[in-house]
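Visitor: Could you walk me through this model? I'd like to ask about its pocket, its rings and its backbone.

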Amino acid sequence: MSDAESAPAATGADLGRRLSTAVVLFHEAVGQRLGLRAVDHRAFGLIEREGPLTAGALAELTALTPGAVTGLVDRLSRLGYVRRTPDPADRRRVLISVDADARPDFGDAFAGLAKAMGELTAGYDAAETAVIEDYLTNTIAILEAETRRLTAPGGGDTTASD
């Protein structure tokens with residue numbers, strides 16, 4: 001009997017924690033491979049997807065302090081992955097954008113994951129795939145909402161009440 005067969009069924013919360021941990025550890029490994037911290041790697045992805053961004057917008061998206069964002073952008077800039085340019089709409093602001101010519105090569109880091117995930121999803125029919133997509137879309141929305149709640153001023157009170 002395998003460990004999976006003998007283990008008690010995991011709850012949604014248990015699976016959520018395990019998934020979260022696995023994702024964080026994976027991105028930490030990707031970051032190490034590229035000479036980045038996991039937070040740098042994830043911030044780079046946000047800049048690439050949402051950018052160009054001001055430092056303030058990046059701080060909001062990452063829930064980092066302005067000082068931490070400055071250090072993060074300094075590291076990405078030193079590696080040549082991002083550049084700072086004056087905002088044409090307000091020259092007092094600086095925009096952070098991905099330097100497409102110096103973009104890190106994530107291919108090697110993600111090739112195995114892409115192949116394995118492709119093999120996994122190929123085993124599901126259209127109805128199952130739709131349920132999985134719905135679940136993941138809603139999980140992302142919940143995680144984003146909880147991140148905003150936890151990082152809001154006065155938010156995230158974790159005191160237990162009886």
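Visitor: Which helix gives the most to the lining of the largest pocket?

Guide: Keep in mind that this is a predicted model. Helix 2 (12-33), helix 3 (38-50), helix 4 (55-62), helix 6 (107-122) and helix 7 (126-151) each give two or more residues to the lining of the largest pocket. With 13 residues, the top contributor is helix 7.

Visitor: And how much space lies in that largest pocket?

Guide: Picture the middle of it: among the 41 lining residues, the closest to the centre are Val23, His27, Arg42, Ile140 and Leu143. The space in this largest pocket comes to about 2000 Å³.

Visitor: By class, how many residues of the lining are nonpolar?

Guide: Split the lining of the largest pocket into classes and you get 7 charged and 10 polar residues. The nonpolar count is 24.

Visitor: What kind of pair do the rings of phenylalanine 26 and phenylalanine 110 make?

Guide: A pair of aromatic rings is described by the distance of the centres and the angle of the planes. For phenylalanine 26 and phenylalanine 110, the centres are 5.4 Å apart and the planes sit at 65 degrees. Planes over 60 degrees apart fall into one class, so this pair is edge-to-face.

Visitor: How many residues apart are phenylalanine 26 and phenylalanine 110?

Guide: Phenylalanine 26 belongs to helix 2 and phenylalanine 110 to helix 6, so the pair links distant parts of the chain. Both rings are partly exposed, phenylalanine 26 at 25% relative accessible area and phenylalanine 110 at 24%. Along the chain, the separation is 84 residues.

Visitor: Which residue forms an aromatic pair with phenylalanine 44?

Guide: This pair is edge-to-face, at 6.1 Å centre to centre with 70 degrees between the planes. Phenylalanine 44 lies in helix 3, and its partner lies in the loop between helix 5 (66-78) and strand 2 (82-87), 37 residues apart in sequence. The partner is tyrosine 81.

Visitor: Is tyrosine 81 buried or exposed?

Guide: The cut-off for buried is under 20% relative accessible area. Phenylalanine 44 clears that cut-off with 1%. Tyrosine 81 has 11%, so it counts as buried.

Visitor: Which element gives the largest share of the largest nonpolar core?

Guide: That core has 19 residues, and Phe44, Ile47, Leu58, Val73, Leu76 and Val82 touch the most other members. Two or more residues come from each of helix 3, helix 4, helix 5 and strand 3 (90-98). With 4 residues, the largest share is from helix 5.

Visitor: Leaving aside neighbours within four places in sequence, which residues is aspartate 40 in contact with?

Guide: Aspartate 40 lies in helix 3. Its relative accessible area is 2%, so it counts as buried. Sequence neighbours within four places aside, its contacts are Leu72, Arg75 and Leu76.

Visitor: Now the backbone: is the peptide bond from glycine 51 to proline 52 cis or trans?

Guide: Most residues other than glycine have a negative phi, and most peptide bonds are trans. Proline 52 is placed in the loop between helix 3 and strand 1 (53-54). From glycine 51 to proline 52, omega is near 0 degrees, and the bond is cis.

Visitor: What is phi of alanine 63?

Guide: Alanine 63 is in the loop between helix 4 and helix 5. Its relative accessibility is 35%, so it counts as partly exposed. Its phi is positive, in a residue other than glycine, with a value near 65 degrees.

Key
Residues numbered from 1 in each chain as written. Predicted model: local features only at pLDDT ≥ 70, side-chain atom pairs only at ≥ 80, totals over all residues. Heavy atoms only, no water. 1 Å grid on protein atoms, 1.4 Å probe; cavity = no way out; pocket = protein on both sides within 12 Å on 5 of 7 lines; lining within 4 Å. Points joined across faces, edges and corners; volume = space filled by probe spheres on them. Nonpolar A, V, L, I, M, F, W, Y, C, P; charged D, E, K, R; others polar. Phe/Tyr/Trp six-rings, centres within 6.5 Å; stacked < 30°, edge-to-face > 60°. Buried < 20%, exposed > 50% of the residue type's maximum accessible area, 1.4 Å probe, protein only. Contact = heavy atoms within 4.5 Å. Core = buried A, V, L, I, M, F, W, Y, C linked by side-chain atoms within 4.5 Å.
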